[in-house]
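Reader: I would like to go through the unusual backbone spots in this model. Please set each value against its definition.

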Amino acid sequence: MAHALTWMASVLRQAGLSVQEVAGWQDRGHGNVSDIRGVMMHHTAGPAIGNFPSLDVVVNGRPGLAGPLSNLGLARDGTWYVIAAGLAYHAGAGYVAWCGRDNGNNHIIGIEAESTGRGDWTQAQLDVYPRGVAVLLRHLRLAVDRAIAHKEWAPTRKIDPAGWPGDMDGFRAGVAQWINGDQFQQSDRDRLIRLEQAVDELRRWPMGGPRLIRHEATGSQWLYVPGCVLVALQGEEDVTFHGNHRLAGQSEPIALDTDSIRRLAGLVPHVIGELPA
């Protein structure tokens with residue numbers, strides 16, 4: 001059974017980020033997470049050479065601590081690795097008022113970014129680490145202060161993510177620029193085009209069941225449940241809506257052009273996590 005965070009890959013990808021899905025991530029985790037209240041940044045303290053040499057450890061764990069050790073990973077080239085949709089052992093003992101004590105794994109998405117811990121962040125990571133965190137917080141409708149460092153959660157035992165320019169104030173300033181500034185505007189417009197699927201076209205279809213829809217120009221695929229929801233596909237058939245469901249009786253998506261796509265929002269009372277706030 002897929003866990004709760006199966007939306008992560010599509011949300012990051014739709015924001016224009018490079019995403020690599022680690023096989024089995026939808027079902028990976030130490031059980032499921034609870035309500036998500038924040039996003040936690042880590043560094044791997046891994047080798048100095050390689051794009052994401054710590055990936056195997058993050059996925060499978062190390063002696064004394066079983067994997068997954070984070071929900072997401074960030075490679076040196078700026079690629080986001082989607083590792084676990086369920087609970088990951090990343091936070092450990094710690095406390096912040098908005099989460100409580102020693103329960104960060106249940107309520108906080110963990111990101112392990114490849115770094116030795118000596119401030120060797122690549123330009124790609126400097127660009128996309130705060131951007132990706134902003135994407136997650138926007139999807140969750142959480143404020144910038146819910147971006148928390150591991151060392152803020154556990155200050156007596158952790159130092160990560162170390163060496164970030166401006167430390168966490170600088171990191172959160174970068175997140176805020178993405179959340180509050182103009183950077184999201186074009187991606188928001190693009191996302192609206194992908195979502196708004198043609199009232200006129202849909203009204204000509206039989207409305208008894210779900211439809212698989214493809215935007216001709218971008219290839220984006222969506223599940224439309226008449227009068228209910230519109231959600232992005234995780235793959236050719238899997239969708240993010242209360243877990244994974246598969247479409248029956250429709251092998252090929254219905255293709256609509258951009259002009260048709262612009263009008264669908266009025267038909268859909270509830271859209272899961274893709275429209276801008």
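Reader: Where does A45 lie, and what makes the flanking elements a strand and a helix?

Author: A45 lies in the loop between strand 2 (38-43) and helix 2 (55-60). Helices are DSSP runs of H or I with at least four residues, strands are runs of E with at least two, and both are numbered from the N terminus. This is a predicted model, in which local features need pLDDT of at least 70, side-chain atom pairs count only at pLDDT 80 or more, and totals for chains, interfaces and linings use all residues. Residues are numbered from 1 along each chain as its sequence is written, and side-chain values use heavy atoms, with hydrogens and water left out.

Reader: Why is A45 called exposed?

Author: The relative accessible area of A45 is 52%. Exposed means over 50%, buried under 20%, and partly exposed in between (1.4 Å probe, protein chains only). A45 is therefore exposed.

Reader: Why is D102 called partly exposed?

Author: D102 has a relative accessible area of 49%, so the term is partly exposed. D102 is found in the loop between strand 8 (100-101) and helix 3 (104-107).

Reader: What is the phi of A45, and of D102?

Author: Phi of A45 is near 55°, and phi of D102 is near 60°. Each is a positive value in a residue other than glycine. Most residues other than glycine have a negative phi, and most peptide bonds are trans.

Reader: Which residues does a cis peptide bond join?

Author: One cis peptide bond joins G67 and P68, with omega about 5°. P68 is in the loop between strand 4 (65-66) and strand 5 (72-74). Another joins D160 and P161, with omega about 5°.
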